[in-house]
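The following exercises ask the reader to work through packing in a single protein chain. Please consult the sequence and the coordinates while attempting each task.

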Amino acid sequence: MTPVRSLARVMLSGILVVEGARSLAAPGRLAPAATPMANQVAPLLRRAIPGVPTDTETLIRANGAVQFGAGLLLATGRLTRPAALVLAGTLVPGTIAGHPFWTDTDPEQRVNNQLHFLKNLGLFGGLLLAAADTAGKPGLRWRAGQRLGYSQRWATRAVRTARRQARTAVRSAATARRFPG
């Protein structure tokens, strides 16, 4: 991993690690803004995973734990692509619930929420780039294509060799018939 990539990943994940730790330690500060979103998500979670706690503070803590853990993975360069995708997913509910500038009537509050919304949108874009970054190594799609191409070339050579050997065998048999032993 190049120093630039390492530094960029640490810088990108820093805010998410800190915010995740803060959400774990004090979920109550986010509860008023998160309650409408939590009320919409809770029935879906109960259907998908029966018995899972779906109160607002638990959901905030779960999101914070995921941000903290995935942020550390991204910062340390371990499982960076999946960690970046997970972090991008955790940004969506927090951004929508925490910065709904479209509902604000106060112009100052609207501008503040709009700036935070756009900041989170920029983080989301950076995380998508981190998720797509292969660090200069070929991605799975390219490697699969190469493997497929190798297999096709191998099969073509095998068929060509088999045909050549069959022709040689036919010629040998014809020669043996013409000139018996």
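Three exercises follow, each with a worked solution, and all concern a predicted model.

**Exercise 1. The nonpolar core**

Identify the members of the largest nonpolar core that touch the most other members, and state which helices supply at least two residues of this core.

Solution. The largest nonpolar core holds 13 residues, of which Leu12, Leu74, Ala84, Leu87 and Leu127 touch the most other members. Next, assign the core to helices: α1 (3–25), α3 (56–76), α4 (80–98) and α5 (107–132) each supply at least two of its residues. Among the contributors, α4 gives the most, with 5 residues. Finally, inspect Leu127 and set aside its neighbours within four places in sequence. The contacts of Leu127 are then Leu12, Leu16, Leu74, Ala84, Leu87, Ala88 and Leu91.

**Exercise 2. The aromatic cluster**

Classify the geometry of the pairs Phe101–Trp102 and Phe101–Phe117, and determine how buried or exposed Phe101 and Trp102 are.

Solution. The model contains 3 aromatic pairs. For Phe101 and Trp102, the ring centres lie 5.2 Å apart and the planes stand at 75 degrees; because planes over 60 degrees apart count as edge-to-face, the pair belongs to that class. The rings of Phe101 and Phe117 are also edge-to-face, at 5.2 Å centre to centre with 70 degrees between the planes. This second pair links distant parts of the chain, since Phe101 lies in the loop between α4 and α5 while Phe117 belongs to helix α5, 16 residues apart.

Now consider accessibility. Phe101 has a relative accessible area of 16%, and the cut-off for buried is under 20%, so Phe101 is buried. Trp102, at 43%, is partly exposed. Phe117 is buried, as is Phe101. Taken together, Phe101, Trp102 and Phe117 make up one aromatic cluster.

**Exercise 3. The packing of α1 against α3**

Describe the relative orientation of α1 and α3, give the handedness of their crossing, and list the residues that make the contact.

Solution. Begin with the axes of α1 and α3, which come within 7 Å and cross at roughly 150 degrees. Angles over 145 degrees count as roughly antiparallel, and α1 and α3 are therefore roughly antiparallel to each other. The crossing of α1 past α3 is left-handed. On the α1 side, the contact is made by Arg9, Val10, Leu12, Ser13, Leu16, Val17, Glu19, Gly20, Ala21, Ser23 and Leu24. On the α3 side, the contributors are Ile60, Arg61, Gly64, Ala65, Gln67, Phe68, Gly71, Leu72, Leu74 and Ala75. Leu12 and Leu74 thus appear in this contact and also among the core members named in the first exercise.

Methods. Residues numbered from 1 in each chain as written. Predicted model: local features only at pLDDT ≥ 70, side-chain atom pairs only at ≥ 80, totals over all residues. Heavy atoms only, no water. Core = buried A, V, L, I, M, F, W, Y, C linked by side-chain atoms within 4.5 Å. Buried < 20%, exposed > 50% of the residue type's maximum accessible area, 1.4 Å probe, protein only. Helix = DSSP H or I, 4+ residues; strand = E, 2+ residues; numbered from the N terminus. Contact = heavy atoms within 4.5 Å. Phe/Tyr/Trp six-rings, centres within 6.5 Å; stacked < 30°, edge-to-face > 60°. Axes fitted to C-alpha atoms, helices over the stretch in contact; angles between N-to-C directions. Parallel < 35°, antiparallel > 145°, perpendicular 65-115°, else oblique. Left-handed = near helix turned anticlockwise from the far one by under 90°.
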